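Reader: I would like to go through this model by its packing and pairing. Please keep each answer short and end on what was asked.

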Amino acid sequence: MSERDAFDRILASMHRATLDDVHWSTASRLIEDELRASSTSLVFGAGNSDRGVQIFMARSFSRGEPRPEVDREYFDVYYPRDERVPRLRRLPDGQPAPIATLYTDRELKTSAAYNEFLVPHQAGNSLIVRLAGPAGTRIVWVVNDPTDHGGWSSAQIELVQRLVPHIRQYVSVRQLLAGAGALDTSLAGMLESTGPGIIQVDWRGKIVAASDGARMFLRNGDALFDSGGFLFARFPRDNAILQGLLTRALPPFGRQGTGGSMVLGRPSDRNSVELHVHPVGQQEASLCAWPVAALVLVVDPGKDRIVINPDLLAARFGLTGAETRVAVMLAEGKSVHDIAESTVREISTIRTHVQRVFRKTRTNRQADLVRLVLSISGDSGLRL
């Protein structure tokens with residue numbers, strides 16, 4: 001298999017994982033195979049040590065198999081005293097760094113996090129990347145020790161660098177879909193989302209369908225509009241970037257599309273608009289069988305965002321503490337798998353909580369729960 005074919009396979013698996021999280025195990029396995037790495041880890045969170053840190057997602061995989069026990073051990077035991085953490089936050093965005101360089105020479109001999117956790121888990125010679133995520137969040141991607149027990153070659157480091165923007169895109173789009181309550185739903189179901197505007201385009205870039213939020217953006221026309229069924233940005237410079245994103249997401253048959261993001265300006269003093277283009281997959285031989293080739297997600301960061309009030313939710317429906325946490329995460333669009341990983345609980349336990357939440361709220365699917373919770377939180381007047 002050629003280098004380009006291998007890279008395209010990785011991107012295709014990441015695109016599938018963005019829309020259906022079950023495919024991330026395949027994506028991680030392909031990345032490990034191509035990089036000849038022992039394992040990978042991906043962490044997404046916000047905050048810092050001074051104000052507290054919230055971890056939204058932490059997942060480690062080896063040979064395509066999840067390792068939640070590794071994540072649990074690190075965050076429960078070693079994270080609070082890991083010397084590299086404050087230095088990690090100061091790494092240049094998107095630049096891979098050998099993990100050992102985040103420790104002093106003395107700490108490499110004395111650090112419990114390094115010697116008791118990283119080295120035994122074949123991560124003492126790993127490459128680590130810090131990425132700026134959406135809305136001030138952070139993404140940390142770790143590619144653990146090479147399986148040949150040597151150092152990292154220039155070709156391997158170059159491949160890590162090529163994958164970095166796609167890792168950022170995967171997490172960013174995944175979180176946007178979570179906020180819209182559209183995780184792991186069908187393409188048709190995404191149009192019912194209550195968060196960012198979602199536009200579906202075909203292989204030519206022509207609009208197939210749009211959510212209510214997206215249609216509002218198009219009607220306003222101050223940042224994005226459609227003409228003849230095709231998308232255009234208001235300003236010529238923005239439009240050149242937008243058309244480039246669409247071209248790369250919708251390449252000729254036989255090539256894998258790539259996602260990308262941009263910021264759209266507005267003629268007024270209103271906040272800029274974020275736009276993310278995400279390929280759905282490669283076109284099939286029969287174009288008629290592949291009506292949706294890419295998603296365009298449009299987000300207005302300045303728009304009021306409803307904050308879910310867990311206390312109000314618990315009081316309204318008589319939820320326990322665990323049920324309330326699960327209800328809030330469901331309302332934020334997270335899947336059962338996501339909740340299990342972020343809370344370090346068994347999937348069966350989360351499923352039990354979900355069924356109890358559905359019973360107490362008299363709902364039977366996630367989309368209904370999202371609408372119910374957002375309507376209650378909206379009535380409470382809590383907004384950011």
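Reader: Which residues of helix 12 meet helix 13?
Author: The model is a predicted one. On the side of helix 13, the residues in this contact are Ile-339, Ser-342 and Thr-343. By class, the contact of helix 12 with helix 13 has 4 nonpolar, 2 polar and no charged residues. The residues that helix 12 brings to it are Val-326, Met-329 and Leu-330.

Reader: How are helix 12 and helix 13 oriented to each other?
Author: Two packed helices are described by the angle between their axes and the distance between the axes. For helix 12 (residues 321-331) and helix 13 (residues 336-343), the axes come within 10 Å and cross at roughly 130 degrees. The crossing is right-handed. An angle over 115 degrees and not over 145 falls in the oblique class, so helix 12 and helix 13 are oblique.

Reader: At what angle do the axes of helix 13 and helix 14 cross?
Author: Helix 14 covers residues 347-361, and its axis comes within 9 Å of that of helix 13. Helix 13 is oblique to helix 14, and the crossing is right-handed. The crossing angle is roughly 120 degrees.

Reader: How do the residues of the contact of helix 13 with helix 14 divide by class?
Author: Helix 13 contributes Val-336, His-337, Ile-339, Ala-340 and Thr-343. Helix 14 contributes Ile-347, Ile-350, Arg-351 and Val-354. The division is 6 nonpolar, 2 polar and 1 charged.

Reader: Which residues of helix 13 are buried?
Author: Ile-339 is in contact with helix 12 and also with helix 14, and it is among the buried residues. Val-336 and Ala-340, which take part in the contact with helix 14, are buried as well. The full list is Val-336, Asp-338, Ile-339, Ala-340 and Glu-341.

Reader: Which residue with a positive phi follows helix 13?
Author: Helix 13 spans residues 336-343. The residue that follows has a phi near 55 degrees. This residue is Val-344.

Reader: Turning to the sheet, which strands stand at its edges?
Author: The sheet is open and has 5 strands in the order 8-7-13-12-11, with antiparallel pairing. Each edge strand has a single partner, so one side of each is left without a neighbour in the sheet. The twist averages 20 degrees from one strand to the next. The edge strands are strand 8 (207-210) and strand 11 (260-264).

Reader: What is the bridge partner of Ile-199 in strand 13, and what is its bridge partner in strand 8?
Author: Strand 7 (residues 197-201) runs antiparallel to strand 13 (residues 294-299), and 5 bridges join them. Strand 7 also pairs with strand 8 in the antiparallel sense, over 3 bridges. The partner of Ile-199 in strand 13 is Val-296, and in strand 8 the partner is Ala-210.

Reader: How many residues of strand 7 are buried?
Author: On one side of strand 7, Gly-197, Ile-199 and Val-201 are buried. On the other side, Ile-198 and Gln-200 are buried, and both faces are therefore covered. The count is 5 of its 5 residues.

Reader: Which helix packs on the sheet?
Author: The helix touches strand 7, strand 8, strand 12 (273-279) and strand 13. Its direction makes about 85 degrees with that of strand 7. It is helix 9 (residues 212-220).

Reader: Is Gly-265 buried or exposed?
Author: Gly-265 lies in the loop between strand 11 and strand 12. Beyond residues up to four places away in sequence, it touches Asp-222, Ala-223, Phe-235, Asp-238 and Ser-272. The relative accessible area of Gly-265 is 19%, and the cut-off for burial is under 20%, so Gly-265 is buried.

Reader: What is the relative accessible area of Ile-10?
Author: Ile-10 is found in helix 1 (residues 3-19). Leaving aside neighbours within four places in sequence, Ile-10 is in contact with Leu-30, Ile-31, Glu-34 and Leu-163. Ile-10 is buried, and its relative accessible area is 1%.

How values were computed:
Residues are numbered from 1 along each chain as its sequence is written. This is a predicted model: local features need pLDDT of at least 70, side-chain atom pairs count only at pLDDT 80 or more; totals for chains, interfaces and linings use all residues. Side-chain values use heavy atoms; hydrogens and water are left out. Helices (H or I, at least four residues) and strands (E, at least two) are DSSP runs, numbered from the N terminus. Buried means under 20% relative accessible area, exposed over 50%, partly exposed in between (1.4 Å probe, protein chains only). Contact means heavy atoms within 4.5 Å. Two strands pair if DSSP finds at least two bridges between them. Axes are lines fitted to C-alpha atoms, for helices over the stretch in contact, and angles run from 0 to 180 degrees between N-to-C directions. Angles under 35 degrees count as roughly parallel, over 145 as roughly antiparallel, 65 to 115 as roughly perpendicular and the rest as oblique. A crossing is left-handed if the near helix is turned anticlockwise from the far one by less than a right angle, and right-handed if clockwise. Ala, Val, Leu, Ile, Met, Phe, Trp, Tyr, Cys and Pro count as nonpolar, Asp, Glu, Lys and Arg as charged, and the others, Gly among them, as polar.
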